Every structure is written in structure tokens, then in C-alpha cells.
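Visitor: Pick one part of this model and take me through it close up, please. After that, show me a few other spots worth a look while we're here.

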Amino acid sequence: MSADPTPHELIRFDNVTKRFGDNTVLDNLCFSVETGKHVTLIGPSGSGKTTILRLLMTLVKPDEGVISVNGGRLFPADEKEVREVRKNIGMVFQQFNLFPHMNVLRNVTEAPVRVLGMSKDEAAERAKGLLDLVGLGDKQDMRPTQLSGGQQQRVAIARALAMRPQVLLLDEVTSALDPELVAGVLDVLRDIARTTDITMLCVTHEMNFARDISDDVLMFDAGRVIESGSPEKIFSDPEHERTREFLGAVL
Ligand SMILES: Nc1ncnc2c1ncn2[C@@H]1O[C@H](COP(=O)(O)OP(=O)(O)OP(=O)(O)O)[C@@H](O)[C@H]1O
């Protein structure tokens with residue numbers, strides 16, 4: 001298989017292997033995500049889903065293989081190329097990791113001003129639009145500690161979007177939230193999926209959410225994609241025994 005992405009492929013993993021010591025977490029993994037699509041990774045705990053997102057954020061490096069994003073290389077690549085390619089990628093983590101000493105508006109404007117060189121006025125104007133989008137237009141002067149976990153996570157979503165990424169990585173973004181706060185965050189993400197053209201790659205245990213927003217669902221097991229398809233196909237008529245077992249346990 002050629003390691004060059006086609007024009008429609010925003011993300012491409014070619015024979016990517018990642019080991020932690022003796023533990024082969026990703027095993028010659030191949031998959032791609034087309035521009036504008038919403039793709040969800042599902043699978044048992046420890047199957048390597050979060051590791052995929054961490055590779056895309058360059059928080060860890062693969063041992064072998066090629067990772068491409070938007071036609072550029074993340075691996076193997078020199079630092080300059082990695083910096084350029086990384087600008088296409090935003091991520092929301094389980095923990096919101098907001099800057100506690102900055103108010104909500106500044107949390108959203110800080111990176112566009114510092115990293116993209118955006119003027120403070122332009123960054124503030126865009127941030128206000130994004131805070132409206134996540135339902136927090138009236139909270140811009142608050143500190144993160146004055147907000148609920150769900151509100152903090154919505155600020156983290158606005159902060160990721162403020163960098164104008166082409167792809168948004170979502171790593172179990174509701175798993176640290178109290179149950180009553182989950183729906184508000186997922187509704188915001190559903191809106192973003194519906195109203196923007198951003199590409200999304202999600203790891204989630206929220207199967208109804210996955211069913212709602214996904215164009216494609218990839219089922220992982222032991223570091224490989226064992227089955228992929230539309231949510232209708234994967235959730236209603238899975239082919240693989242491991243997928244049936246997994247869905248039987250979580251649905
Ligand atoms: N920094 C690390 N050092 C050592 N082992 C690691 C590290 N990060 C992940 N692992 C191991 O890699 C495997 C895959 O982890 P990963 O977090 O990608 O799985 P996951 O599918 O996202 O699981 P979960 O659904 O529980 O979050 C696990 O066995 C984990 O212990």
C-alpha cells in the first residue's frame with residue numbers, strides 16, 4: 001500500500017506500530033479519516049484508542065509506520081514539519097486542563113494570540129462567537145473554578161476550536177463529568193458536528209452519541225481495526241464476534 005494519502009484523506013495511519021516495553025499496543029495499524037467526516041473509535045479498554053489520539057497530538061511517537069495529516073507527515077518527519085502539521089489538529093481531553101488563573105475569555109484567546117499571532121481584538125471577537133456556540137456567552141469573565149465540570153469542558157471545546165483546527169480529537173470528553181452534566185456537553189458536540197465542516201475523530205464510551213454523530217465507526221481490538229462501517233451497520237448488524245461481545249457488554 002502506498003503511504004501517500006489521497007486528496008480526500010485528512011488523516012492516514014500506514015502500518016503504525018506502537019509498543020510500550022513488551023506491550024504492542026498498536027500492531028501494524030492502517031486506517032484513514034476523510035476530510036469532513038466524523039469517525040468514532042470504539043473497543044475494549046486498553047485496545048489502543050487513546051494512544052491513537054496521543055500519536056496525533058505528538059505526545060507519543062510510534063515505533064514504526066507513517067502518520068500523515070492534511071498531506072503532511074507527522075511521522076517520520078523533522079521538527080519543522082511536525083510543527084506545521086500539528087497546527088491542523090485540536091484536542092479535547094478527559095480532564096479539561098483550563099488555565100486556572102485566567103478567565104474564560106482569556107483561556108480561549110491565549111493560544112490564537114500566542115501561537116497564531118492573531119490580534120487580541122480578533123481573538124476576543126472569535127472567542128465570544130465560540131463561547132456563544134458552546135452556550136457560555138455570559139460566562140466570559142468567570143474563572144474556571146467558578147464553573148461546573150460540564151461548563152469547563154465546554155470552554156475546553158471552545159478553546160480547541162479557537163485554533164481553527166481541521167480536525168478535532170475528542171478523548172472520552174465526558175468520562176470525568178457527573179452524569180447530569182454529560183448531556184449538555186454531548187449536545188454541544190452534536191451541534192458542532194451538524195453545523196461546522198470540522199473533521200472529528202472521537203474516542204467515546206457513549207454509544208448513543210457515537211451512533212448520532214458518526215459517519216463511520218471503527219471497532220478496535222488488540223491494536224487493530226477489526227471491523228468498520230456506518231453506525232447503523234456496526235451497532236445493528238456487526239460481523240465480528242468480538243464486536244458483538246463488546247456491544248453486548250456496553251449497550
Ligand atoms: N505511557 C504509557 N506507558 C506504558 N503503557 C502505556 C502508556 N500509555 C498507554 N499504555 C498502555 O497501552 C495500552 C493501550 O492504552 P490506551 O489508553 O490507548 O487504551 P484505550 O483503548 O484508550 O483504553 P480505555 O478505553 O481504557 O481508555 C494499555 O495497555 C495501556 O496500559
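Guide: Before we start, here's what "touching" will mean: two residues are in contact if their C-beta atoms, placed from the backbone, lie within 7 Å. Also keep in mind that this is a predicted model.

With that in hand, start at L181, which sits in helix 6. Leaving out residues up to four places away in sequence, L181 touches S148, G149 and G150. Is L181 buried or exposed? Neither, quite: L181 has 18 C-beta neighbours inside 10 Å, so it counts as partly exposed, because being buried takes 20 or more. Now hop from L181 to K120: they are 61 residues apart in sequence, and their C-alpha atoms are 32 Å apart in space.

K120 brings us to the part I'd like you to see close up, the contact of helix 3 with helix 4. Two packed helices are described by the angle between their axes and the distance between the axes. Here helix 3 covers residues 104-114 and helix 4 covers residues 120-133. Their axes are 9 Å apart, and the helices pack at an angle of about 130°. That's why helix 3 and helix 4 are called oblique to each other. Their crossing is right-handed.

Who meets whom? From helix 3 come V104, L105, V108, T109, P112 and V113, and across from them in helix 4 are K120, A123, A124, A127, L130 and L131. Sort the residues of this contact by type and you get ten nonpolar, one polar and one charged.

Stay on helix 3 for a moment. Its buried residues are V104, L105, N107, V108, T109 and P112. What do they pack against? Helix 4, as you might guess, but also helix 5, residues 149-162.

Next, some strands. Strand 9 (residues 216-221) runs parallel to strand 3 (residues 38-42), and four bridges join them. Strand 9 also pairs with strand 10 (residues 224-229), this time antiparallel, through five bridges. M219 is a handy marker here: I42 stands opposite it, and M219 in turn stands opposite E227 in strand 10. The hairpin of strand 9 and strand 10 has two residues between the strands, and A222 in that hairpin takes a positive phi near 50°.

That backbone angle leads to some other loops. T58 isn't a glycine, yet it has a positive phi of about 55°. You'll find T58 in the loop between helix 1 (49-56) and strand 4 (64-69). With 17 C-beta neighbours inside 10 Å, T58 counts as partly exposed. E172 is another non-glycine with a positive phi, about 45° in its case. Its loop runs between strand 7 (167-171) and helix 6 (179-195), so following the chain on from there takes you into the helix that holds L181. E172 is partly exposed, with 17 other C-beta atoms within 10 Å.

One last stop, for a peptide bond. F75 and P76 are joined in cis, with omega about -10°. P76 lies in the loop between strand 5 (72-75) and helix 2 (79-86).

Key: Residues are numbered from 1 along each chain as its sequence is written. This is a predicted model: local features need pLDDT of at least 70, side-chain atom pairs count only at pLDDT 80 or more; totals for chains, interfaces and linings use all residues. Axes are lines fitted to C-alpha atoms, for helices over the stretch in contact, and angles run from 0 to 180 degrees between N-to-C directions. Angles under 35 degrees count as roughly parallel, over 145 as roughly antiparallel, 65 to 115 as roughly perpendicular and the rest as oblique. A crossing is left-handed if the near helix is turned anticlockwise from the far one by less than a right angle, and right-handed if clockwise. Ala, Val, Leu, Ile, Met, Phe, Trp, Tyr, Cys and Pro count as nonpolar, Asp, Glu, Lys and Arg as charged, and the others, Gly among them, as polar. A residue is buried if 20 or more other C-beta atoms lie within 10 Å of its own, exposed if 12 or fewer, and partly exposed in between; C-beta atoms are placed from the backbone. Two strands pair if DSSP finds at least two bridges between them.
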